[in-house]
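Visitor: Please pick one part of this structure and go through it closely. I would like to know what lies beside it and how it fits into its surroundings.

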Amino acid sequence: MERFRRKVAEGRPILGAGAGTGLSAKCAEAGGIDLIIIYNSGRFRMAGRGSLAGLMPYGDANAIVMEMAREVLPVVDHTPVLAGVCGTDPFRLMDRFLVEVRAAGFAGVQNFPTVGLIDGQFRRGLEETGMGYDREVSMIARARSLDLLTCPYVHDEDEARTMTEAGADVVVAHVGLTTKGMIGARSALPLDEAIGRVQGMAEAARSVREDVLVLCHGGPIAEPADAAEVLARTRGVVGFFGASSIERLPTEPAIVGQVRKFAELRLPSP
């Protein structure tokens with residue numbers, strides 16, 4: 001956190017990246033990333049599926065993260081790596097699991113999969129049956145007590161306040177599934193509206209604790225130019241966290257373009 005604050009004081013943003021493979025993590029570190037996050041959506045995303053697959057019953061989210069740790073952690077030299085922890089998991093004793101996360105070599109945690117991305121009657125049902133966002137808040141508070149870096153996703157002003165009260169070091173204002181590319185969302189908030197929501201969440205978090213750091217993520221904030229506009233038009237937002245933006249969007253055109261160049265080759269005449 002001291003290093004992050006020095007960087008902000010120098011006028012440089014804090015950057016976080018999701019890593020679905022060891023190669024993604026290795027390249028992100030080479031590019032100068034500040035934080036690497038491993039969560040189950042990275043596995044699905046790099047398998048060619050949308051990030052929301054991480055919220056579906058396609059695997060044990062916490063087990064997938066611990067499995068991915070064996071691939072990612074050994075190739076990261078100095079960047080702190082966070083675990084995406086499913087705080088609502090009813091089959092884990094969370095206090096013990098967080099100790100396992102720390103022992104595996106993770107520097108901190110993020111709440112993912114998160115029910116914050118779910119709304120409507122389904123969300124109400126989750127909240128009413130003991131699988132709500134409050135379980136994620138509790139997980140973050142427990143992680144903080146273990147001196148793990150805590151960087152939770154928040155989706156509205158109430159969640160921003162609640163997570164900051166729980167001791168979050170870094171709050172990531174999430175404005176929806178990232179757009180663009182082959183498997184990105186097609187519908188998202190207009191950037192102006194997303195900026196307003198990020199600002200609201202930042203102000204809510206900082207009203208609880210002035211020293212909390214706030215990053216933006218998701219929705220129409222997909223490319224460096226989008227993040228630059230958010231940072232220029234908000235106050236108290238000091239960085240960007242990208243998952244699809246870091247490891248998927250750059251990869252898709254790079255591979256397509258490389259294959260097309262090879263496809264343009266011609267054999268010599270007989």
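Guide: What follows is a close look at strand S1 and the sheet around it. The model is predicted, so local features need pLDDT of at least 70 and side-chain atom pairs pLDDT 80 or more, while totals for chains, interfaces and linings use all residues. Residues are numbered from 1 along each chain as its sequence is written, and side-chain values use heavy atoms, leaving out hydrogens and water.

Strand S1 covers residues 14-18. Strands here are DSSP runs of E of at least two residues, and helices are runs of H or I of at least four, numbered from the N terminus. Of the 5 residues in S1, 4 are buried (under 20% relative accessible area, 1.4 Å probe, protein chains only), leaving the strand mostly covered.

S1 has a partner on each side in the sheet order, S2 and S9. Two strands pair if DSSP finds at least two bridges between them. With strand S9 (residues 239-242), S1 pairs in the parallel sense over 4 bridges; here Gly-16 stands opposite Phe-241. With strand S2 (residues 35-38), the pairing is also parallel, over 3 bridges. On this side Gly-18 faces Ile-37, and Ala-17 has Ile-36 as its bridge partner.

The chain gets from S1 to S2 by way of helix H2 (residues 22-30), and the three make a right-handed β-α-β unit; that is, with the strands pointing away from the viewer, the path from the first strand over the helix to the second runs clockwise.

Now the whole sheet. It is open and has 9 strands in the order S5-S4-S3-S2-S1-S9-S8-S7-S6, with parallel pairing. Its edges are S5 (149-150) and S6 (153-154), each of which pairs on one side only.

Towards the S5 edge, two details of the backbone stand out. Most residues other than glycine have a negative phi, and most peptide bonds are trans. The bond between Phe-112 and Pro-113 is cis, with omega about 0 degrees; Pro-113 sits in the loop between S4 and helix H6 (120-128). Asp-147, which is not a glycine, has a positive phi of about 65 degrees and belongs to the loop between H7 and S5. Its relative accessibility is 63%, so Asp-147 counts as exposed (over 50%; values from 20% to 50% are partly exposed).
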